[in-house]
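Reader: I'm new to this one, so could you take me through it slowly? I'd like to hear the reasons behind the words you use.

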Amino acid sequence: MNISSARQYFYQEIQQPDECINLARAALYIAQEEYPDLDPEEYINSLDTMATELEERLPAERYPLRIIQAINKYLYSDLGFAGNKQEYYDPRNSYLNDVIDRRVGIPITLALIYLELARRIDFAMVGIGMPGHFLIRPDISDIEIFVDTFNKGEILFPQDCQEKLTQIYQHPVTLQPEFLAAVTNKQILARILTNLKYIYLNKQELEKALAAVERILLLFPGFALEVRDRGLLCYQLGRFSQAANDLETYLVKTPEAQDAYMIRRLLTQLGRG
């Protein structure tokens with residue numbers, strides 16, 4: 001499997017209506033660019049097996065809290081999954097195959113596994129893109145409980161989410177309704193890729209950061225900030241024609257951006273000012 005094939009499979013998967021996107025497959029296609037020999041079917045089968053074992057452990061009376069408790073016991077006690085608090089920014093935490101193999105991950109990838117298991121046992125759950133800490137919740141309108149997959153499936157109520165935000169940002173943060181809104185499958189994949197983007201930027205692995213940005217733009221082609229970042233990365237990598245095209249597009253989309261002056265100066269250096 002080469003990178004272009006993995007990218008093509010990812011692109012094909014995300015062309016479907018959002019609710020039809022197979023999150024696990026799409027996440028494994030993301031991982032395939034890092035691990036060309038990865039066989040997605042092996043990990044899909046692992047998730048299927050886990051769901052079968054989980055089904056056998058479900059309570060007779062399938063109330064939401066009891067189902068969550070059963071998933072938590074299976075995933076965290078029986079299988080030993082855990083949040084990777086010691087090496088949070090290890091890129092392996094963002095690759096689904098690594099998370100399944102190593103049994104550690106970050107909120108978004110542990111949530112993806114939880115969502116995939118819940119889907120397989122017909123217990124609908126959705127992702128919640130709270131700033132700084134991804135959560136999930138049952139897709140039941142009158143139940144306002146959230147599950148923190150990073151902390152062994154801890155059950156949270158809105159007030160707990162407020163406190164968690166304050167802990168994350170080290171100062172009081174007002175909980176806005178949109179913080180607890182459900183996100184789409186594409187937004188979940190973009191969050192995984194955004195994590196990888198910043199991890200690789202911090203490690204100065206610019207090719208890998210660029211690969212993450214390129215796939216974010218496959219998900220959301222018009223996202224101006226990602227177009228800008230693709231341009232800046234191409235500039236650093238010496239791909240000046242692509243850099244100039246992206247930076248010009250960024251200015252057309254956001255002519256009043258705070259960094260517009262800096263971008264124009266860069267375009268002048270590229271002979272496009």
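Reader: Let's start small: where is Gln204 found?

Author: Gln204 sits in the loop between α8 and α9, the latter covering 206-219. Keep in mind that this is a predicted model.

Reader: What makes Gln204 count as exposed?

Author: Exposed means over 50% relative accessible area. Gln204 comes out at 54%, so it goes into the exposed class.

Reader: And what is the phi of Gln204 like?

Author: The phi of Gln204 is positive, about 60 degrees, although Gln204 is not a glycine. Gln170 is another non-glycine with a positive phi, at about 65 degrees.

Reader: Where is Gln170, and is it buried or exposed?

Author: Gln170 belongs to the loop between α7 (158-169) and α8. With a relative accessible area of 69%, set against the cut-off of over 50%, Gln170 is exposed.

Reader: Now for helix α8 itself. Why is Lys197 called buried or exposed, whichever it is?

Author: Lys197 lies in that helix, which runs over residues 185-202. Buried means under 20% relative accessible area. Lys197 has 1%, so it is buried.

Reader: Which residues does Lys197 touch?

Author: Leaving aside residues up to four places away in sequence, Lys197 touches Ala209, Ala212, Val213, Ile216, Glu226 and Asp229.

Reader: How do you know that the side chains of Lys197 and Asp229 make a polar contact?

Author: A polar contact needs a pair of N or O atoms within 3.5 Å. For the side chains of Lys197 and Asp229 the distance is 2.6 Å, so the pair passes that cut-off.

Reader: What about Glu53: which class of exposure does it get, and why?

Author: Glu53 is in helix α3, residues 40-57. Its relative accessible area is 30%, and the partly exposed class lies between the under 20% and over 50% cut-offs, so Glu53 is partly exposed.

Reader: Which side chain does the side chain of Glu53 make a polar contact with?

Author: That would be the side chain of Tyr74, at 2.5 Å, which is within the 3.5 Å limit. Glu53 and Tyr74 are 21 residues apart along the chain, and their C-alpha atoms are separated by 8.5 Å.

Reader: Helix α3 also holds Glu41. What makes Glu41 partly exposed?

Author: Glu41 has 35% relative accessibility, and that falls between the two cut-offs, so partly exposed is the class it gets. From Glu41 to Gln187 is 146 residues in sequence and 23 Å in space, C-alpha to C-alpha.

Reader: Where does Glu256 lie, and why is it put in its exposure class?

Author: Glu256 lies in the loop between α11 (240-253) and α12 (260-269). Its relative accessibility is 75%, and the class begins over 50%, so Glu256 counts as exposed. Glu256 and Glu144 are 112 residues apart in sequence, and their C-alpha atoms are 40 Å apart in space.

Reader: Let's step back to the whole protein. How many helices and strands are there?

Author: There are 12 helices and six strands. The C-alpha atoms fill a box of roughly 70 × 45 × 35 Å along the principal axes.

Reader: Why does the radius of gyration agree with a compact globule?

Author: A compact globule of 273 residues would have a radius of gyration near 19 Å, and the protein has 20 Å, so the value agrees.

Reader: What share of the residues counts as buried, and what does the protein expose?

Author: Of the 273 residues, 48% count as buried. The protein exposes about 13400 Å², with carbon and sulfur atoms supplying 49% of that area.

Reader: How many charged side chains are there?

Author: The protein has 28 positive and 38 negative side chains, and the centres of the two sets lie 4 Å apart.

Terms used
Residues numbered from 1 in each chain as written. Predicted model: local features only at pLDDT ≥ 70, side-chain atom pairs only at ≥ 80, totals over all residues. Heavy atoms only, no water. Helix = DSSP H or I, 4+ residues; strand = E, 2+ residues; numbered from the N terminus. Rg over C-alpha atoms; globule rule 2.2 N^0.38 Å. Buried < 20%, exposed > 50% of the residue type's maximum accessible area, 1.4 Å probe, protein only. Areas by Shrake-Rupley, 256 points an atom, 1.4 Å probe, with all protein chains shown as cover. Lys, Arg positive; Asp, Glu negative; His and termini not counted. Charge placed at Lys NZ, Arg CZ, Asp CG, Glu CD. Polar contact = N/O pair within 3.5 Å; in protein donor to acceptor, adjacent residues only side chain to side chain. Contact = heavy atoms within 4.5 Å.
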